[in-house]
Amino acid sequence: MSGSGKLVCVTGASGYIASWLVKLLLDRGYSINATVRDPNDPKKIEHLLALDGAKERLHLFKANLLEEGAFDAVVDGCEGVFHTASPFYHDVTDPQAELIDPAVKGTLNVLGSCAKTTTVKRVVVTSSMAAVAFNRKPRTPDVVVDETWFTDPDFCTETKSWYLLSKTLAEEAAWKFAKDKGIDIVTINPAMVIGPLLQPTLNTSAAAILNVINGSPTYPNASFGWVHVKDVAEAHILAFEVPSASGRYCLVERVAHYSELVKILRELFPAIPLPEKCADDEPFRPTYQVSKERAKSLGVNYIPLDVALKETVESLKEKSFAKL
């Protein structure tokens with residue numbers, strides 16, 4: 001029980017990664033101040049309150065990312081803060097208001113609250129491979145992406161990749177603020193996160209798998225990094241607990257094209273009708289490599305992609321998202 005007697009804060013606690021983070025922190029004996037947008041919405045909190053240890057050690061707070069000082073009382077007294085709250089969806093009409101402001105201002109508000117208290121020893125910020133891998137450099141099978149890569153904001157703007165831009169600007173702002181204020185921060189940069197869902201709502205990365213198994217005639221022509229949600233939650237805790245942890249940690253078990261996912265799913269679930277062809281006739285988007293050195297040095301032992309896919313599909317079935 002490494003966290004016994006320690007108080008930490010998790011922002012955006014009802015989210016996909018954050019729910020697993022709360023679960024694993026409770027399992028380790030931590031007490032948690034958890035923020036949610038609406039503590040009166042059962043969809044946001046019931047799955048958290050049902051976790052082992054929640055009754056005794058989970059305290060829920062309402063906090064708005066865009067409200068300065070909203071996190072002051074929540075982080076005061078905490079040794080560690082895990083800032084996971086940031087919107088992730090693709091269908092946006094106003095990128096600034098829907099994605100960029102909550103990501104950037106939200107991160108600065110949380111760090112601003114941390115700067116006002118003497119108790120916080122380290123802040124772990126949930127960033128993304130979205131803030132790492134997207135620039136004008138080629139990504140091909142022989143290329144290894146690592147923590148020294150940064151996404152180019154101009155490239156994001158030109159390609160209207162608003163989610164990528166929101167995560168890139170938020171991480172840039174976090175490093176600058178932390179340096180100015182002397183705050184010890186670590187960022188976790190996962191790729192597409194899959195695995196079982198604790199929350200009752202469908203999140204964007206699980207929806208990517210649902211779209212493949214729910215009767216779609218085609219699969220996207222895209223290659224992404226993939227990683228299990230438990231590994232991501234575990235990495236957050238290691239980033240707080242390991243004294244030498246610093247900088248950024250890319251989390252990718254494997255980069256795979258959707259055609260490869262379909263092949264794995266066909267072997268795992270022969271009864272599920274899966275798409276037979278790609279959405280376009282272009283050459284397949286190339287895969288690339290992502291360095292595992294730093295993640296392994298932190299103590300991350302990756303769950304394989306096929307296990308992550310199997311558990312995702314089983315969870316989507318169990319929660320009745322998949323019409324199988």
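Biologist: How do H1 and H9 lie relative to each other?

Modeller: Bear in mind that this is a predicted model. The axes of helix H1 (residues 16-27) and helix H9 (residues 229-241) come within 9 Å and cross at roughly 60 degrees. Angles of 65 to 115 degrees would count as roughly perpendicular and those under 35 as roughly parallel. The two helices fit neither class, so H1 and H9 are oblique to each other.

Biologist: And which residues of H9 does H1 meet?

Modeller: The crossing of the pair is right-handed. From H1, the residues involved are Tyr 16, Ile 17, Trp 20, Leu 21, Leu 24 and Leu 25. In H9 they meet Val 229, Lys 230, Val 232, Ala 233, Glu 234, His 236 and Ile 237.

Biologist: On to the sheet. Which strands stand at its edges?

Modeller: The sheet is open and has 7 strands, with parallel pairing, in the order E3-E2-E1-E4-E5-E7-E11. From one strand to the next, the twist averages 20 degrees. A strand with a single partner has one side left without a neighbour in the sheet, so the edge strands are E3 (58-62) and E11 (247-251).

Biologist: Let's zoom in on E1 and E2. What is the bridge partner of Val 10 in E2?

Modeller: Strand E1 (residues 7-11) and strand E2 (residues 31-36) run parallel and are joined by 4 bridges. Cys 9 of that pairing has Asn 33 as its bridge partner in E2. For Val 10, the partner in E2 is Ala 34.

Biologist: How many residues of E2 are buried?

Modeller: Take the two faces in turn. On one side Ser 31, Asn 33 and Thr 35 are buried, and on the other Ile 32, Ala 34 and Val 36 are buried too. Both faces of E2 are covered, and the count of buried residues is 6 of 6.

Biologist: Which strands does helix H5 lie across?

Modeller: Another helix first: H2 (residues 42-49) lies across E2 and E3, at about 165 degrees to E3. Helix H5 (residues 95-115) runs at about 175 degrees to E4. The strands H5 lies across are E1, E4 (80-83), E5 (122-126) and E7 (185-190).

Biologist: I'm curious about Ser 128. Is Ser 128 buried or exposed?

Modeller: Ser 128 sits in the loop between E5 and strand E6 (144-145). Leaving aside residues up to four places away in sequence, Ser 128 touches Tyr 163, Lys 167, Ile 188, Asn 189 and Pro 190. Its relative accessible area is 7%, and the cut-off for buried is under 20%. Ser 128 is therefore buried.

Biologist: How far is a polar atom of the Ser 128 side chain from the backbone nitrogen of Ala 130?

Modeller: A polar contact needs N or O atoms within 3.5 Å. The pair here is the backbone nitrogen of Ala 130 and a polar atom of the Ser 128 side chain, and the distance between them is 2.8 Å.

Biologist: Now for backbone oddities. What is the phi of Lys 160?

Modeller: Most residues other than glycine have a negative phi. Lys 160 is in the loop between helix H6 (153-158) and helix H7 (162-181), and at 59% relative accessibility Lys 160 counts as exposed. Although Lys 160 is not a glycine, its phi is positive, at about 55 degrees.

Biologist: Ser 320 has a positive phi as well. Is Ser 320 buried or exposed?

Modeller: Ser 320 is in the segment after helix H12 (305-318), and its phi is about 65 degrees. The cut-off for exposed is over 50%. The relative accessibility of Ser 320 is 60%, so Ser 320 counts as exposed.

Conventions:
Residues numbered from 1 in each chain as written. Predicted model: local features only at pLDDT ≥ 70, side-chain atom pairs only at ≥ 80, totals over all residues. Heavy atoms only, no water. Pairing = 2+ DSSP bridges. Axes fitted to C-alpha atoms, helices over the stretch in contact; angles between N-to-C directions. Contact = heavy atoms within 4.5 Å. Buried < 20%, exposed > 50% of the residue type's maximum accessible area, 1.4 Å probe, protein only. Polar contact = N/O pair within 3.5 Å; in protein donor to acceptor, adjacent residues only side chain to side chain. Parallel < 35°, antiparallel > 145°, perpendicular 65-115°, else oblique. Left-handed = near helix turned anticlockwise from the far one by under 90°.
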